[in-house]
Structures are given as structure tokens and as C-alpha cells.
Amino acid sequence: MYNNTIINEINLAKPQSLFKTSMKPFLKWAGGKSQLIPELEKYIPLSFNKYIEPFIGGGAFYFFLNPAQPIISDLNEELIITYEIVKNNVEELIHLLQAFKNEEKYYYNIRSQNPENLTNIERAARMIFLNKTCFNGLYRVNKKGEFNVPFGKRNGEFLNATLLREASDFLQNAEIIHSPYSDVLLNNAEKGDFIFLDPPYYPVSKYSDFKRYTKEFFYHEDHLELKKEFDRLVKLGCYVILTNSDHPEIIELYSEYNIKIIETKRLISSNPKTRDGKDIIVLGNL
């Protein structure tokens with residue numbers, strides 16, 4: 001049974017955004033939060049100190065929020081390098097991407113490259129190109145950390161230079177860190193900070209796979225450790241939002257907190273039968 005604090009918030013009216021400037025993310029990401037923003041914005045604190053997002057992914061909520069003092073991080077090295085290059089070297093990045101071709105043979109040549117043999121700008125260009133031209137915009141790696149998504153066979157332009165320049169502007173005040181979430185939070189979170197936790201989701205079926213963003217997968221034990229960190233942040237006096245799937249294990253794990261259940265679409269799924277789902281939003285000090 002679901003805890004009696006769980007409230008279905010689907011039909012509540014969307015409040016006016018607190019922020020005048022927002023943008024869409026420049027990367028597509030499995031589990032991206034674009035469709036959850038109308039729900040998430042209901043729980044944004046009226047005032048807070050730093051904003052910390054240690055599972056940044058595509059950064060949909062970050063780019064919507066446009067906070068003044070952001071810290072963003074991820075364990076995915078290619079992703080963090082890409083954010084750093086978009087922030088600091090966007091024009092060189094755009095220039096390099098202009099030479100890329102949306103063709104199948106060219107795609108597999110780029111995919112076969114070892115990122116460690118590339119410069120950081122080349123790694124960022126590769127990351128963006130693969131993200132925009134691979135099948136369904138899915139970022140997935142094998143246990144060796146090798147990107148293994150097939151070509152998407154999508155026509156049209158993959159380079160949106162205007163969007164990359166806008167993202168660069170949004171990232172100018174951001175501290176960007178490549179580190180485990182626990183280290184980032186332990187070293188930076190303080191009372192009054194706003195923390196958004198969007199970990200790889202707990203799989204809702206044996207076919208679900210939301211954890212292969214890095215070669216270090218996210219298992220049941222990792223969700224248990226994340227719950228301990230959630231508790232620590234709440235006791236510290238942070239405002240905390242966590243998202244996950246509505247798996248009974250997760251519902252039970254956070255049963256002492258206020259949980260909202262939201263109908264969502266699994267837009268990344270290739271099987272239309274698996275695209276309907278439910279996310280949960282867990283609130284700490286909100």
C-alpha cells in the first residue's frame with residue numbers, strides 16, 4: 001500500500017514560473033525531466049542559496065531554473081567535458097561540428113573513436129554528434145564504458161548553433177564537477193541550499209534500463225545509499241527534490257516523506273507499449 005502522504009498531483013493547475021529566463025536542454029537524455037517541469041516547479045523554494053544537481057544528465061530542470069549559484073555534476077566524464085566545453089569554448093565547438101556529416105558510415109567512424117585519444121573539444125563534439133544522430137537520442141554504454149547505440153537514420157540538421165550559444169550563456173556561473181554525487185554533496189551542500197536529485201531510475205520491469213549512463217551501473221544498493229544521503233540533506237536543512245520510478249521498493253524506501261505520483265511518457269523507449277509510466281517526486285523540507 002502507498003503511504004497516505006502520497007497525493008496524485010496530476011490535475012493541479014500549473015503556477016506561474018518564478019523565473020523569467022529558461023531554455024530547453026541541448027542534449028537529449030534518457031529520463032530527461034522536460035515533461036516533469038510543470039510539476040517540479042510547484043516545489044521550487046521561494047528563496048534558496050546554492051542550487052546543486054549532482055546527476056545533471058541533459059539538465060532540463062537546470063536550464064529551466066537558471067539559478068544564480070549553481071553546482072552541476074555527473075559521473076559521466078564525456079558529459080561533464082561537454083558541459084565544460086560548451087561553457088568555455090562554444091565557438092570552437094560549433095566550428096568543429098560544422099564539419100561533421102549525418103551519414104551512417106561517418107557515424108560509426110565517430111562512434112568507434114576512443115575518447116581518450118581526442119582533445120576535450122573533439123570529445124565534446126563527438127558527444128553532441130552521437131547524441132543528435134544516434135537511435136532515439138539514447139546515451140548508453142557497455143561495461144567497458146563504450147558507447148554502443150546504433151545510427152538513428154534521421155534526416156536533417158543535427159547542429160543547433162543558437163541553442164549551444166544559449167547554453168553557454170546559461171552555464172557561465174555554473175561550477176561543473178566530474179565526481180560521484182556523494183562527494184559533491186558532502187563537500188558543497190549547506191543549510192538553505194536547493195538540491196535536485198535525479199538518479200538513474202529504479203527499473204520497473206526486467207526490460208527497463210535507465211542506469212547505463214556510465215560503465216559504473218546504479219544498483220539496488222546504490223538507491224539505498226542515496227536514501228541515506230537524502231536523509232542527511234534534509235537534517236542539514238537543505239530543500240530537496242528527488243525523482244524516481246514508482247517502484248514499490250522506492251515508495252517504501254521514502255515512505256516517511258511527502259511523495260507525489262505523476263503520469264509520464266517514456267519518450268526514450270522504442271516500444272510504444274512501454275512508454276506510459278509513472279514518476280514519483282519526493283520532497284524534503286518542501
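Student: Why are α3 and α6 called roughly perpendicular to each other?

Tutor: Helix α3 (residues 77–88) and helix α6 (residues 120–133) pack at an angle of about 110°. Angles of 65 to 115 degrees count as roughly perpendicular, so α3 and α6 earn that label. The axes lie 8 Å apart. Axes are lines fitted to C-alpha atoms over the stretch in contact, and angles run from 0 to 180 degrees between N-to-C directions. Helices are DSSP runs of H or I, at least four residues, numbered from the N terminus.

Student: Which residues make the contact?

Tutor: Contact means heavy atoms within 4.5 Å. From α3 come E77, E78, L79, I81, T82, I85 and V86. From α6 come N120, I121, R123, A124, M127 and I128. By class, that contact has eight nonpolar, two polar and three charged residues.

Student: What is the model, and how are residues numbered?

Tutor: The model is predicted: local features need pLDDT of at least 70, side-chain atom pairs count only at pLDDT 80 or more, and totals for chains, interfaces and linings use all residues. Residues are numbered from 1 along each chain as its sequence is written, and side-chain values use heavy atoms, with hydrogens and water left out.

Student: What makes C134 buried?

Tutor: Buried means under 20% relative accessible area, with a 1.4 Å probe and protein chains only. C134 has 0%, so C134 is buried. C238 also has 0%, so C238 is buried.

Student: How many disulfides does the structure hold?

Tutor: Zero. A disulfide needs a pair of cysteine sulfur atoms within 2.5 Å.

Student: What share of the protein chain is buried?

Tutor: Buried residues make up 53% of the 286 residues.

Definitions and conventions
Buried < 20%, exposed > 50% of the residue type's maximum accessible area, 1.4 Å probe, protein only. Helix = DSSP H or I, 4+ residues; strand = E, 2+ residues; numbered from the N terminus. Parallel < 35°, antiparallel > 145°, perpendicular 65-115°, else oblique. Nonpolar A, V, L, I, M, F, W, Y, C, P; charged D, E, K, R; others polar.
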